[in-house]
Amino acid sequence: MASDVQNLSTPSTNILPNATPVCTLFPNEPHNCDVIINIKRAMSSISLVGCVFMIFVIWLFRKYTVFAQRLILYLSIGALMDCIAYIMGDMHPPGPMCEFQAFWMTYFDWVVLMWVCAITFNLGMIATRMMKTDKYEW
């Protein structure tokens with residue numbers, strides 16, 4: 001009976017400001033979460049190098065004057081920021097850093113998706129309707 005009263009007085013949630021993060025995907029083997037995080041960081045690093053290369057090439061050859069190349073430049077900048085979010089990503093305990101990371105990753109995932117949609121729309125208008133899309137730019 002005393003243990004029941006003691007269990008009621010302790011919070012049932014694991015959300016504590018100074019708590020260490022728990023691997024919920026592999027509770028019996030938390031090392032697997034570290035492996036997944038390291039693979040994610042490695043792939044993001046490769047993508048980051050690719051984004052920097054694309055931005056550099058567009059800037060070097062002054063291709064940012066062409067509308068389609070500007071779309072690719074904007075996509076590359078969004079993907080670069082997304083890569084930074086995934087590189088800094090780790091299992092953080094709930095708090096400001098966790099919320100910042102969640103916002104950053106969600107925002108730039110949507111940015112990349114929207115730029116891909118814009119490029120797809122641009123290609124669709126050019127290929128199917130034979131329309132110049134330069135006039136749709138601000």
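1. A surface patch, in the sense used here, is made of residues with over 30% relative accessible area and no salt bridge, with nonpolar side chains joined within 5 Å. In this predicted model, Phe56, Trp59, Leu60, Phe61 and Tyr64 make a nonpolar patch of about 550 Å² on the surface. One of these residues, Phe61, sits in the loop that runs between helix H2 (31–60) and helix H3 (67–88), and with a relative accessible area of 55% Phe61 is exposed.

2. The model holds one disulfide, according to a search of the whole structure. The bond joins Cys23 and Cys33, whose sulfur atoms are 1.8 Å apart. Because the torsion about the S-S bond of Cys23 and Cys33 is about 60 degrees, this disulfide is right-handed. Cys23 belongs to the loop between helix H1 (2–9) and H2, whereas Cys33 belongs to helix H2, so the pair ties together parts that are 10 residues apart in sequence. Cys23 and Cys33 are both buried.

3. Two further cysteines deserve a remark. For Cys51, the closest cysteine sulfur is that of Cys83, at 4.4 Å, and this is too far for a bond, because a disulfide requires the sulfur atoms to lie within 2.5 Å. Cys51 is buried, its relative accessible area being 8%, while Cys98, with a relative accessible area of 28%, is partly exposed.

4. Turning to helix H3, which contains Ile87, what is the C-alpha to C-alpha distance between Ile87 and Ile37? The two residues are 50 residues apart in sequence, and their C-alpha atoms are 8.9 Å apart in space. If residues up to four places away in sequence are not counted, Ile87 touches Arg41, Ser44, Ser45 and Leu48. Ile87 nevertheless counts as partly exposed, at 27% relative accessibility, because that class covers values between the 20% limit for buried residues and the 50% limit for exposed ones.

5. The last point concerns Asn122, a residue of helix H4 (residues 96–129). Is Asn122 buried or exposed? Asn122 counts as buried, since its relative accessibility is 6% and buried means under 20%. Once neighbours within four places in sequence are left aside, the residues in contact with Asn122 are Phe67, Ala68, Leu71 and Thr133.

Methods. Residues numbered from 1 in each chain as written. Predicted model: local features only at pLDDT ≥ 70, side-chain atom pairs only at ≥ 80, totals over all residues. Heavy atoms only, no water. Patch = residues over 30% accessible without salt bridge, like charges linked within 9 Å, V, L, I, M, F, W, Y side chains within 5 Å. Areas by Shrake-Rupley, 256 points an atom, 1.4 Å probe, with all protein chains shown as cover. Salt bridge = Lys/Arg side-chain N within 4 Å of Asp/Glu carboxyl O. Helix = DSSP H or I, 4+ residues; strand = E, 2+ residues; numbered from the N terminus. Buried < 20%, exposed > 50% of the residue type's maximum accessible area, 1.4 Å probe, protein only. Contact = heavy atoms within 4.5 Å.
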